Amino acid sequence: LAKCAVVEPGSTVLVAGATGGVGQLATAKLLERGYKVRALTRKPDKTKQLFSNHPNLEVAAADLRQPETLSAVVSGVDAVCCCTGTTAFPSNRWEGNNGPRPTDYDGPHNLLKACPKSLKRFVFVTSAGVERRTELPWAILNTFGVLQFKRDSEMALEASGLPFTILRPSRLTDGPYTSYDLNTLLQATSGSRQEVVLSATDSLFGEASRIAVAGVLPEIVV
């Protein structure tokens, strides 16, 4: 789902979820393509270490669950890549109020409300199955509402008036990468999973490499 916009290398792209599996790789790819990246994170020290204080990387400490922290973070950005997410079922990642509603509904909604109307592109990574959440096997995945919250956030983006692209990968493989430096991230490959199958509807099954998904994001931003 996309509307046309142009964001050239040298522009500033805000990456939400920059320390996550897809977000790390997306940040690395954007930096490689010559974009300036503002990494929105609750862990600024970890982010700086991860990307070795890259000259085109700006680390912005903020929390998507706290809207009062976002106005300065989105100021002056040309595009946003929202790569946030959590597990569909209870896990350690839910600790500290990081379950599906805060992560997949509250956070994206707060970010959307904070974005300037001059934004050239909002790229939102969600999930396959958001429109099939009442069907098996997606209904199982949606037991705690993760697909419903993602779809609600997609609909908020669609109604926002901002130029957007929504990317819905299937089950993510490869990673997540939590301790690699920038050079390692850029050298990552998806092994034998090189083929990418695209659909304009929520109709695909299978898996998607985080590396392949992150590689698509700079192309979408343009």
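This is a quick talk about how aromatic rings pair up in this structure.

Okay, housekeeping: this is a predicted model, where local features need pLDDT of at least 70, side-chain atom pairs count only at pLDDT 80 or more, and totals for chains, interfaces and linings use all residues. Residues are numbered from 1 along each chain as its sequence is written, and side-chain values use heavy atoms, with hydrogens and water left out.

So what counts as a pair? Rings of Phe, Tyr and Trp (for Trp, the six-membered ring) pair if their centres lie within 6.5 Å; planes under 30 degrees apart are stacked, over 60 edge-to-face, and the rest tilted. By that rule we get four aromatic pairs.

Take W94 and F144: the ring centres are 5.5 Å apart and the planes sit at 85°, so that's edge-to-face. W94 is in the loop between strand 4 (79-82) and helix 4 (100-114), while F144 is in the loop between helix 5 (138-141) and helix 6 (146-158), 50 residues apart. Helices (H or I, at least four residues) and strands (E, at least two) are DSSP runs, numbered from the N terminus.

Are these two buried or exposed? Buried is under 20% relative accessible area, exposed over 50%, partly exposed in between, with a 1.4 Å probe and protein chains only. W94, at 21%, is partly exposed, and F144, at 41%, is partly exposed too.

Next, Y105 and F149: centres 6.1 Å apart, planes at 65°, so edge-to-face. Y105 lies in helix 4 and F149 in helix 6, so this pair ties together parts 44 residues apart in sequence. F149 is buried at 16%, whereas Y105 is partly exposed at 23%.

Finally, ring pairs link F89, W94 and F144 into a cluster.
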